[in-house]
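This report goes through selected packing features of one model, from aromatic groups to strands, loops and a helix. Please read it alongside the sequence and the structure.

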Amino acid sequence: MSTRGLPDLNELATELSSNALVTDTDVIAAHSSDRALFSPVGNALALVRATCVEDVQATVRFAAKHAIPIIPSGARTGLSGGINALDGCILLSVAKMNRILEVNTLDGTVTVEPGVINLDLKKHLAEFNLSYPPDPGSVAISTIGGNVATNAGGMCCVKYGVTRDFVRSLKVVTADGEVTTVGRNTAKGVAGFDLAQLFIGSEGTLGVIVEVTLRTVPKLADPLTSVALFSDPVHAARTVTDYLGAGATPSLLEYMDGGTIEAVNAYQNFGLPSGAGAMLIVQSDGSGSMTRAQEDLELFQQVAQDNGATDVMYSDDPRDSESLVAARRAVAPANEKLAHSRGGGELVDDVCVPRGRLAEFFERQAQIAQKFPDILVIACGHAGDGNMHPNVIFDASDPVSTQHAKEAFGMIMQAGLDLGGTITGEHGVGVLKAEWLARELSPSAQKMHVAIKQALDPQGIFSPGKMLSHLG
């Protein structure tokens, strides 16, 4: 950080769009953090609400000149503290850069600014009979730029993949304030390194994404839906592995344990069955073939029954499908309500393990929950790709409960690593898991990360003290 005193913000204001620079402390405070607990929040020097690429360039050049850290952000829906303010930083919001610039039906692409909301993009593409499959749980409030920054996934990942699989090219403002394009807009291309992949999942540590070109697919067919109930999570996990191991191609395969089902039922009446130890929700769109979709679900029903399902239900009514997906999306607010009733503390984990290790992961989770009876550990997740979201709910006013929650949170991540997985499937590292990234990466991989950071951001102005802060 600069030791030359506070810079003259008027110098920056003259280079920005009207009213883009904000110095009101209350407004800055409201933009200074995401939704993560246990992630420090500093006092930012200013907030820039960029409305164009030139605003981003001016901010980066000013920050580089005065050695001031920049924290890029969008809708601030993250769960890892990745956009939290540092003392003396500039918060750079691109949320107002929210235009859909072009839909190219011939090449199957769409170009957007980073502040476009995921769900708004889906609705817009539907008018062209196109779809953009990645659908994080925050689909109605998270931005495409944020999705790219964390490589977000969601419920359709099992068949269609995550954000990374749909990015063709990015426009990025680099550490010298220049705009460059990485990636390409063609369906194929191997000229040079695939630099776009460096920025996907980089969490604002390498530059500021100001434009995204995404691959689209033809409008997805309406799916058929099946639900299976189990006495415990392990039998549900074995169903997942057997079903996918048999070559099934569901478009959605989601998991909720008994505690999560009860939380959702208490939050809103979705008609979910109570008393089950676990539930799997499966959908198949058959890639447009109703016959294939029916075959997928018939296979699921048989596999679930072979693995001891207590009940298996099927529906071809789109309203049932919509209701079940809505219930799954309601997990986040339902758990928030549950946490409020138990002292307000909630840590949302995000580990991903090989699908063949899901049963072991659930066994480890149960052991962790038994170790700390004063907290609650419940889980949902994207069973189809092994990405689980255990929620640790605790009394934030109780130091012992809080400490136990932190320990349980860490033990869950360690379980993921022990089973050959990763500490984060889609939420990102941020501040909350920076120490754990160093545990996951080998010494050689850490050196590569540091070298890339130093090459692209030699002054270290982009999101310092976050994702890469514990790497050697």
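Which residues form one aromatic cluster together with Tyr255? The cluster consists of Tyr255, Phe361 and Phe362. The model is a predicted one.

## Aromatic pairs

The structure holds 5 aromatic pairs. Two of them are set out here, since a pair of aromatic rings is described by the distance of the centres and the angle of the planes.

| Pair | Centre to centre | Angle between planes | Geometry |
|---|---|---|---|
| Phe38 and Phe394 | 6.0 Å | 20° | stacked |
| Tyr132 and Phe166 | 5.7 Å | 80° | edge-to-face |

Phe38 sits in the loop between helix 2 (25-30) and strand 2, while Phe394 belongs to strand 19 (residues 387-395), so this pair ties together parts that are 356 residues apart in sequence. The two rings are not equally covered: Phe38 is partly exposed, at 36% relative accessibility, whereas Phe394 is buried, at 2%.

The rings of Tyr132 and Phe166 meet edge-to-face because their planes stand at 80°. Tyr132 is in the loop between strand 7 and helix 5, and Phe166 is in the loop between helix 6 (157-160) and strand 8 (167-173); the pair therefore ties together parts that are 34 residues apart in sequence. Both Tyr132 and Phe166 are buried.

## Strand 14 and its partners

Tyr255 also leads to strand 14, where it stands opposite Leu280. How many of the residues of strand 14 (residues 278-284) are buried? The count is 7 of the 7, so strand 14 is largely enclosed by the rest of the structure. In a regular strand the side chains alternate between the two faces of the sheet. In strand 14, Ala278, Leu280, Val282 and Ser284 point one way, and Met279, Ile281 and Gln283 point the other way.

Strand 14 pairs with strand 13 (residues 252-257) in the antiparallel sense, over 6 bridges. Strand 12 (residues 224-230) also runs antiparallel to strand 14, and 7 bridges join the two. Leu280 has Ala228 opposite it in this second pairing.

## The sheet of strands 1 to 4

An open sheet of 4 strands has mixed pairing and the order 1-2-4-3. Its edge strands are strand 1 (21-22) and strand 3 (70-73), each of which pairs on one side only.

Strand 4 (residues 90-93) pairs with strand 3 in the parallel sense over 4 bridges. Strand 2 likewise runs parallel to strand 4, joined to it by 4 bridges. Ile90 of strand 4 takes part on both sides: Ala46 has Ile90 as its bridge partner, and Ile70 stands opposite Ile90. Further along strand 4, Leu92 is the bridge partner of Pro72.

The side chains of strand 4 alternate in direction, with Ile90 and Leu92 pointing one way and Leu91 and Ser93 the other, and all of these residues are buried. Helix 3 (residues 53-66) lies across strand 2 (46-49), strand 3 and strand 4, and runs at about 165° to strand 4.

## Two buried loop residues

Gly82 lies in the loop between strand 3 and strand 4. Gly82 has a relative accessible area of 14%, and counts as buried because the cut-off is under 20%. Beyond its neighbours within four places in sequence, Gly82 is in contact with Asp34, Ile71, Gly430, Val431 and Lys466.

Thr424 lies in the loop between helix 14 (399-418) and helix 15 (434-440). Is Thr424 buried or exposed? Thr424 is buried, with a relative accessible area of 16%. Apart from its neighbours within four places in sequence, the contacts of Thr424 are Asp350, Val429 and Lys433. With Asp350 there is a polar contact between the two side chains, at 2.5 Å.

## Helix 4

Which residues of helix 4 (residues 118-126) are buried? They are Asn118, Leu121, Lys122 and Leu125. Seen down the axis of helix 4, these residues fall within an arc of 100°, so they line one face of the helix. An α-helix has 3.6 residues a turn, so residues three or four places apart point the same way.

The buried residues of helix 4 pack against several elements: strand 5 (100-104), strand 6 (109-112), strand 7 (130-131), helix 5 (144-150) and strand 10 (208-215).

Methods: Residues are numbered from 1 along each chain as its sequence is written. This is a predicted model: local features need pLDDT of at least 70, side-chain atom pairs count only at pLDDT 80 or more; totals for chains, interfaces and linings use all residues. Side-chain values use heavy atoms; hydrogens and water are left out. Buried means under 20% relative accessible area, exposed over 50%, partly exposed in between (1.4 Å probe, protein chains only). The arc is that of the directions from the helix axis to the C-beta atoms. Contact means heavy atoms within 4.5 Å. Two strands pair if DSSP finds at least two bridges between them. Axes are lines fitted to C-alpha atoms, for helices over the stretch in contact, and angles run from 0 to 180 degrees between N-to-C directions. A polar contact is a pair of N or O atoms within 3.5 Å; within protein, one must be able to donate a hydrogen and the other to accept it, and residues adjacent in sequence count only if both atoms are side-chain atoms. Rings of Phe, Tyr and Trp (its six-membered ring) pair if their centres lie within 6.5 Å; planes under 30 degrees apart count as stacked, over 60 as edge-to-face and the rest as tilted.
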